Amino acid sequence: MTVAEYNSCVDKYSDGVYRFILKNIKDEDNAKDIVQDAFVKMWNKRETINFEKSRSYLFTTAYHTMIDYIRKDKKQTSLENVNEDNYSVNTGFSDTKEIINEALEKLTDIQKSVILLRDYEGYSYKEIGEITDLNESQVKVYIYRARIILKNYIGNLEVVI
């Protein structure tokens with residue numbers, strides 16, 4: 001990868017990577033640090049990275065850096081510890097974005113990541129698998145389970161809108 005191609009990657013992908021990380025960790029400063037770290041790692045390996053695969057490399061690196069951050073800063077919860085009563089909402093909301101963000105917080109870290117990569121960033125199952133080190137079947141299962149949780153939390157879409 002040349003310097004011009006690297007600069008092109010920064011221009012094209014920095015906003016998308018930042019949005020993806022910020023949606024997952026909800027901390028602007030740490031999200032910026034993670035994105036910057038991903039670009040530094042990309043710069044250090046620029047000779048070995050193919051420009052056509054730079055987007056995937058960047059998201060993969062940022063994802064793994066984010067996972068390291070999450071593991072350091074908080075304990076991961078398992079589904080056995082989750083109260084299922086928290087998955088339904090009976091209050092009326094007028095802000096759809098607020099409802100979706102609250103629903104995303106009900107997901108585990110891996111579920112949130114695969115949902116955001118699939119539905120927010122538009123990655124294919126195969127690309128998500130490469131980014132998260134999962135096979136396609138695992139990605140599909142995590143997305144399916146996350147969508148069930150989101151559906152149960154949000155409830156009827158007509159109530160939201």
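**Figure 1. A network of salt bridges links Lys 26, Glu 105 and Lys 112.** The view is taken from a predicted model. Within the network, the side chains of Lys 26 and Glu 105 meet in a salt bridge, with an N to O distance of 3.7 Å. This pair joins distant parts of the chain, as its two residues lie 79 residues apart. Lys 26 is found in the loop between H1 and helix H2 (28-44), whereas Glu 105 belongs to helix H4 (residues 96-105). Lys 26 is partly exposed, at a relative accessible area of 42%. Glu 105 likewise counts as partly exposed, at 41% relative accessibility. The third member of the network, Lys 112, also takes part in the contact between H1 and H5, as a residue of H5.

**Figure 2. A salt bridge between Glu 121 and Arg 19 connects distant parts of the chain.** The closest N and O atoms of Glu 121 and Arg 19 are 3.9 Å apart. Glu 121 sits in the loop between H5 and helix H6 (125-132), and Arg 19 in helix H1. Along the chain, 102 residues separate the two. How do the partners stand with respect to burial: is Glu 121 buried or exposed? Glu 121 has a relative accessible area of 12% and is therefore buried, the cut-off being under 20%. Arg 19 has a relative accessible area of 37%, so it is partly exposed.

**Figure 3. Asp 37 and Lys 41 form a salt bridge within helix H2.** The closest N and O atoms of this pair are separated by 3.3 Å. Asp 37 and Lys 41 are 4 residues apart in helix H2, which means that about one helical turn separates them. Asp 37 is partly exposed at 29% relative accessibility, and Lys 41 is partly exposed at 33%. In the model as a whole, the count comes to 6 salt bridges, one of them being the bridge between Asp 37 and Lys 41.

**Figure 4. Helix H1 packs against helix H5 in a right-handed crossing.** Helix H1 spans residues 3-25 and helix H5 spans residues 109-120. Their axes lie 10 Å apart, and the packing angle is about 145 degrees. On the side of H1, the contact is made by Arg 19, Phe 20, Lys 23 and Asn 24. H5 contributes Asp 109, Lys 112, Ser 113, Leu 116, Leu 117 and Tyr 120. By residue class, the contact of H1 with H5 comprises 4 nonpolar, 2 polar and 4 charged residues. Arg 19, one of the H1 residues in this contact, is also the salt-bridge partner of Glu 121.

**Figure 5. Helices H5 and H6 cross obliquely.** The axes of H5 and H6 come within 10 Å and cross at roughly 140 degrees. An angle of this size falls outside the ranges for roughly parallel, roughly antiparallel and roughly perpendicular, so the two helices are oblique to each other. The crossing of H5 with H6 is right-handed. Ile 110, Val 114, Leu 117 and Arg 118 of H5 meet Tyr 125, Ile 128, Ile 131 and Thr 132 of H6. The residues of this contact divide into 6 nonpolar, 1 polar and 1 charged. Leu 117 of H5 thus appears in the contact with H6 and in the contact with H1.

**Figure 6. Helices H6 and H7 pack roughly perpendicular to each other.** Helix H7 covers residues 136-154. The axes of H6 and H7 are 8 Å apart, and the packing angle is about 100 degrees. This angle lies between 65 and 115 degrees, and the pair therefore counts as roughly perpendicular. From H6, the contact involves Tyr 125, Lys 126, Ile 128, Gly 129 and Thr 132. From H7, Glu 136, Val 139, Lys 140, Ile 143 and Arg 147 take part. The contact of H6 with H7 contains 4 nonpolar, 2 polar and 4 charged residues. Lys 140, placed in helix H7, is partly exposed at 42% relative accessibility. The C-alpha atom of Lys 140 is 9.8 Å from that of Ile 115, the two residues being 25 residues apart along the chain.

**Figure 7. The close-up views belong to a chain with 8 helices and 0 strands.** Of its 161 residues, 37% count as buried. Among contacts in the chain with a separation of 6 or more, 67% are between residues 24 or more positions apart.

Notes:
Residues are numbered from 1 along each chain as its sequence is written. This is a predicted model: local features need pLDDT of at least 70, side-chain atom pairs count only at pLDDT 80 or more; totals for chains, interfaces and linings use all residues. Side-chain values use heavy atoms; hydrogens and water are left out. Axes are lines fitted to C-alpha atoms, for helices over the stretch in contact, and angles run from 0 to 180 degrees between N-to-C directions. A crossing is left-handed if the near helix is turned anticlockwise from the far one by less than a right angle, and right-handed if clockwise. Contact means heavy atoms within 4.5 Å. Ala, Val, Leu, Ile, Met, Phe, Trp, Tyr, Cys and Pro count as nonpolar, Asp, Glu, Lys and Arg as charged, and the others, Gly among them, as polar. A salt bridge is a side-chain nitrogen of Lys or Arg within 4 Å of a carboxyl oxygen of Asp or Glu. Buried means under 20% relative accessible area, exposed over 50%, partly exposed in between (1.4 Å probe, protein chains only). Angles under 35 degrees count as roughly parallel, over 145 as roughly antiparallel, 65 to 115 as roughly perpendicular and the rest as oblique.
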